[in-house]
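Let us walk through this structure together, one contact at a time. Have the viewer open and follow along as each part comes up.

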Amino acid sequence: MPELDQEPVSAPGEALLAEGIPLRFCCFVTGTDTEIGKTLVSSAILHNLVESGQRACGMKPVAAGAEMRDGELHNEDADMLASAGNVHLPRSITTPYLLRAACAPHIAASIEGVSIEPVPIIAAYAEILAASDAVVVEGVGGFCVPFSDSFDSAELATQLNLPVILVVGMRLGCISHALLTVEAIVARNLVLAGWVANTVDPEMPFFDENLQALAARIPAPMLGIVPRLEQATAANAARFIDLAGLPGWPSRGIGTN
């Protein structure tokens, strides 16, 4: 696994704020596709951080698909992250771009006449970091989903400069999707901290063989295998994810398989 730079830096995603201050756990969660369990895994990570005594906050910088409830726009993924964490900030900070249409973000933004830009997201992340011990940033869709003609999810991950956790949706075709995503992450000089196998298709043929092929080819540790859960809650998924060996993870982290 590539190692995090331990020198103090000024990048937005810095984990070591000054000499002698311990690393904080922050990560960017991406996936091999949409609807493959990024939010479930992100929420599970937050759950374990909270259980280990951390002030943990989730961030969904861009969310497409929102409905009005009680006079306020709500997105299912953003709401799940908010429920899993214990640092509660205004929605405008944890989800700077909340779009109504449930479609690709650049299309949803175009419909609303919105331009998705990196600066508001990075500024919001800085506010969250200042209020929290740990931050989990969840991407949208796959790793390279476009936000505009000149900005996409991969560029956001690069600007935040956080270790990346890849969620692999275990279904037919996942090996190629996973390895192409890994290539894209590594090509941007980002740290691939680890990956989680999430069971999207419980009837997937040769599940174990596919898992072995992925483990042999992904240059980062497998952090867990999440089965198809009858109740897909953060607490239930957290039992199958273990991030204890990652830099910055609190020493009392409780994730277990």
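What follows looks at a pair of packed helices and then at some salt bridges.

Keep in mind that this is a predicted model. A good place to begin is helix α5, which spans residues 118-131, and its partner, helix α6, which spans residues 153-160. Their axes lie 11 Å apart, and the two helices pack at an angle of about 45 degrees. Angles under 35 degrees would count as roughly parallel and those from 65 to 115 as roughly perpendicular, so α5 is oblique to α6. As for handedness, α5 passes α6 in a right-handed crossing.

Which residues make this contact? On the α5 side they are Pro118, Ile121, Ile122 and Tyr125, and these meet Leu156, Gln159 and Leu160 in α6. By type, the contact divides into 6 nonpolar residues and 1 polar residue, with no charged ones.

From here we can turn to the charged side chains. Side chains of opposite charge can pair when their charged atoms come close. How many salt bridges does a search of the whole structure find? The search gives 6.

One of the pairs is Lys60 with Asp77, whose closest N and O atoms are 3.7 Å apart. Lys60 sits in the loop between β2 (56-59) and β3 (62-64), while Asp77 belongs to helix α2 (residues 76-84), so this salt bridge ties together parts that are 17 residues apart in sequence. Is Lys60 buried or exposed? Its relative accessibility is 4%, so Lys60 counts as buried. Asp77, in contrast, has a relative accessibility of 27% and counts as partly exposed.

Now find Arg69, which forms a salt bridge with Glu67, the closest N and O atoms being 3.1 Å apart. Both ends of this pair are partly exposed: Arg69 has a relative accessibility of 36%, and Glu67 has a relative accessible area of 47%.

Arg69 also pairs with Asp79, where the closest N and O atoms are 3.1 Å apart. This salt bridge links distant parts of the chain, with Asp79 in helix α2 and Arg69 in strand β4 (residues 67-69), 10 residues apart. Asp79 has a relative accessibility of 25%, so it counts as partly exposed.

To finish, bring Lys60 and Asp77 back into view and add Glu138: salt bridges that share partners join these residues into one network.

How values were computed
Residues are numbered from 1 along each chain as its sequence is written. This is a predicted model: local features need pLDDT of at least 70, side-chain atom pairs count only at pLDDT 80 or more; totals for chains, interfaces and linings use all residues. Side-chain values use heavy atoms; hydrogens and water are left out. Axes are lines fitted to C-alpha atoms, for helices over the stretch in contact, and angles run from 0 to 180 degrees between N-to-C directions. Helices (H or I, at least four residues) and strands (E, at least two) are DSSP runs, numbered from the N terminus. Angles under 35 degrees count as roughly parallel, over 145 as roughly antiparallel, 65 to 115 as roughly perpendicular and the rest as oblique. A crossing is left-handed if the near helix is turned anticlockwise from the far one by less than a right angle, and right-handed if clockwise. Contact means heavy atoms within 4.5 Å. Ala, Val, Leu, Ile, Met, Phe, Trp, Tyr, Cys and Pro count as nonpolar, Asp, Glu, Lys and Arg as charged, and the others, Gly among them, as polar. A salt bridge is a side-chain nitrogen of Lys or Arg within 4 Å of a carboxyl oxygen of Asp or Glu. Buried means under 20% relative accessible area, exposed over 50%, partly exposed in between (1.4 Å probe, protein chains only).
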